[in-house]
Structures are given as structure tokens and as C-alpha cells.
Amino acid sequence: MSIGSVGTGRLRIAEIILDSSPTVFWDMLRQVGVEEVTGILPRAYPDWRQWRAWDPWDYAPLSNYKRMIEGAGFKLTIIEDNPPMDKLIYGLPGKEEQLNNVAKLIENMGKLGISTWVYNWMPTGWLRTRSTIRGRGGAYTAGFYEEDLKDSPPPKFGKIDASTLWRTLKDFLEYIIPIAESANVKLAMHPDDPPIPEVAGTARIMNSIEAFDKLLSLVKSEYNGITMCLGNFSLMTSDLPGLIRHFVPTGRVFFVHFRAVKGTARGFEEVFIDEAGGEFYLAMKEFVRHDFYGPFRVDHTPTLSGDIAQLSTPGYSALGRLHAIGFLQGLFKAAVTELKGGS
Ligand SMILES: [Mn+2]
């Protein structure tokens, strides 16, 4: 057997980059074999006049951003970011403008050939209550403990219940999915993080397998799909292969995040990906069995000492992610070798 003789599909990693211009981390990603990128909206072009002709979701800044990423040697596959959507989620006045901005983003992504948009329906955003926990070897890591919020008042727009969230989501999808269909851009709902039913008296809905079944049936379209964030789904079920068998054959899994956590949905800490048990290997084998090769990305990791990004963006340690990417590549090679065989 010669090196490289075993394997079928290629592992597709679309790692997220948060920088507004090329960095040494981009070089490192290319060097470890990452070919695709998940981008955010290009909001960071400082201008002392504090005036913008365009919003980050308009064509000009988005095409400039795409050109910069391609110039660095990547394909821009996914945007995992959004214009403000709080009024849409709450169903408040001003939601029409926010809806128009989302529509503009999707139309511009379509023109630029960016195939997938990650969004979520969290009225309280993704949430950690501790960001300087010491993990393995003293690495800083983040955690969520529901008890830390027991005295917290409701957030800015107040309380909201689950049935209102389902109604605003349905209204949103009924308007936006036809636009996504004609733009050829897939919508990939990210689960609530953490996936619990309520934060400070404010409901959350995308927190169970049943909820994702319901999402797929709310508007039946090839463009209405899922970001399978395994960090969150592993807090909903311990059966990741079963989860993959359930959703991947629907053709609606458009993106997968790998993240390891320890604990329960109501109290957990982020850990290094190799601190999980064998579940990620079983998960990767199930993806390969279904000939699903991505796009994947790694997700939050602890922050390694000496990290070039340090604690400025908790969870997005550059070195921590390089470690996780290597681990993912190992899982994939092992799964392909076991299932598809060598000579
Ligand atoms: Mn995620």
C-alpha cells in the first residue's frame, strides 16, 4: 500500500475565520490542509468619518471579502453571521427592515456563489456564564451554568414564549425560503446554545431532535436545513450515530460543527476534542457510511497558552482549533480506512 491509496471522498473542512484581513492563522489553515472557509460579515473596515455607503450584507463589501479570501487560497463556502434579527425573532416593529436585510444578504450570497447561510433563532444569543475556567494543563476554557443566572432579569426585549418563537420562525421561513431557493443559498439552522428550554424567563425552541423535525416540516424545501452542531446535539442525545442516521438521509444537513463538552445542557464546560469518549469516532463513521464528507468545521475549544488570539474571542483559540482540525482529520482517515478498506 502506498501513502494515500486508501480513501474515497475528500474531507471538506470549512473553518471559520474571524479576522477582517489575512493573518498568520490563515497560512496555518492552508498548511494543515484546510481548503474552504466559513466567513462572517465584513463589518470591520474602520473609517474615521463613521459613515458607510453600504452595510456588510450589501454586494460591494461582500464581494470584496470573498475576493480577499479567495486571494488567500480558500473557497468561501459559508457565511455564519447575520444582520440584526432581534426584532424578527421577537416579532417587533422594525422587523420588516431586518427581513429585507436578510433577503439582501441571501441574494448577494447567491450572486457570489456562497452556498450556505448559518442562522439561529435564539432570543438570548449563545451564552456562557464563565469564561476563565481552567481546563487540562491550565488551558482557559468556557462554561455555562444555569445557576449563575438565577438572579438575572429578563433580557433587553423581555420575556417571550415558545409558541411566539415558533410563529415568528414560520413567518420568517415562509418569506425567506423562496428567496433562498431562487438565489440557490441553503439555510442551515444552528441549535440553541445552550440547548435549554428557557434562559432568564425567555424561551428557546431549537433545543431537541423533535424541534429540528418540526423545523424541517415548517416549510418543506430542499433549502430549509440544519447546522448539526455536535457540541449542542450531544447535550440533547447520547446517540450521535442515531442522530446522523435520522437527519443525514433527509439531505438537509448542510454543515457540521465538532465540539466537545462535559456536563449537561444546564451545566457544562468546553473541553479539548480528544477529552470526549469514542462518540466522535462513531459519529464520523456514520457520516462516512452515508458518504457525507462535509463541510465540517471545528467549534469552540479551550485556549492554549501562547495562542496568537489569546482570550480576545473565547472559544476560538487558533492553536486549539488547529489541534481539533488534526484530530478531525485523524477521525476521518480512520473511518474511511475501516469502512472503505485498504489493499
Ligand atoms: Mn456550533
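Let us start with a pair of aromatic residues: Phe144 stands opposite Phe268 in strand E13. This is a predicted model, and that pair is a handy way into its strands.

Phe144 and Phe268 face each other where strand E6 (residues 140-145) pairs with strand E13 (residues 267-271). The two strands run in the antiparallel sense, with three bridges between them. E13 also has a second antiparallel partner, strand E12 (residues 260-264), and here five bridges make the connection. Ala260 has Val271 of E13 as its bridge partner. How many residues does the hairpin from E12 to E13 pass through? Two residues link these strands.

Elsewhere, the pairing is parallel. An open sheet of eight strands follows the order E1-E2-E3-E4-E7-E10-E11-E14. Its edges are strand E1 (14-16) and strand E14 (296-298), each of which pairs on one side only. From one strand to the next, the twist averages 30 degrees. At the E1 edge, three bridges hold E1 alongside strand E2 (residues 36-39) in parallel, and Ala14 sits opposite Glu36 of E2. As general background, strands of a sheet pair through backbone hydrogen bonds, in either a parallel or an antiparallel way.

Here are the three strand pairs described above, side by side.

| Strand pair | Sense | Bridges |
|---|---|---|
| E1 and E2 | parallel | three bridges |
| E6 and E13 | antiparallel | three bridges |
| E12 and E13 | antiparallel | five bridges |

Stepping back to the whole protein chain, its secondary structure comes to 10 helices and 14 strands. The radius of gyration is 20 Å, close to the 20 Å given by the globule rule for 343 residues, so the chain is as compact as a globular protein of that length. Its C-alpha atoms fill a box of roughly 65 × 45 × 45 Å along the principal axes. Contacts often reach far along the sequence: of those between residues at least 6 apart, 74% join residues at least 24 apart.

What about the interior? Buried residues account for 42% of the 343 residues. The largest nonpolar core has 89 residues, and those with the most contacts inside it are Ile106, Trp117, Phe258 and Leu328. Helix H10 (residues 318-340) gives this core its largest share, 10 residues. Which residues does Ile106 touch, leaving aside those up to four places away in sequence? They are Trp117, Ile176, Ile179, Ala180, Ala183 and Val185. Ile106 and Trp117, then, are in touch with each other, and both are among the residues with the most contacts inside the core.

Notes. Residues are numbered from 1 along each chain as its sequence is written. This is a predicted model: local features need pLDDT of at least 70, side-chain atom pairs count only at pLDDT 80 or more; totals for chains, interfaces and linings use all residues. A nonpolar core is a set of buried Ala, Val, Leu, Ile, Met, Phe, Trp, Tyr and Cys residues joined through C-beta atoms within 7 Å. A residue is buried if 20 or more other C-beta atoms lie within 10 Å of its own, exposed if 12 or fewer, and partly exposed in between; C-beta atoms are placed from the backbone. Helices (H or I, at least four residues) and strands (E, at least two) are DSSP runs, numbered from the N terminus. Two residues are in contact if their C-beta atoms, placed from the backbone, lie within 7 Å. The radius of gyration is taken over C-alpha atoms; the globule rule is 2.2 Å times the number of residues to the power 0.38. Two strands pair if DSSP finds at least two bridges between them. Axes are lines fitted to C-alpha atoms, for helices over the stretch in contact, and angles run from 0 to 180 degrees between N-to-C directions.
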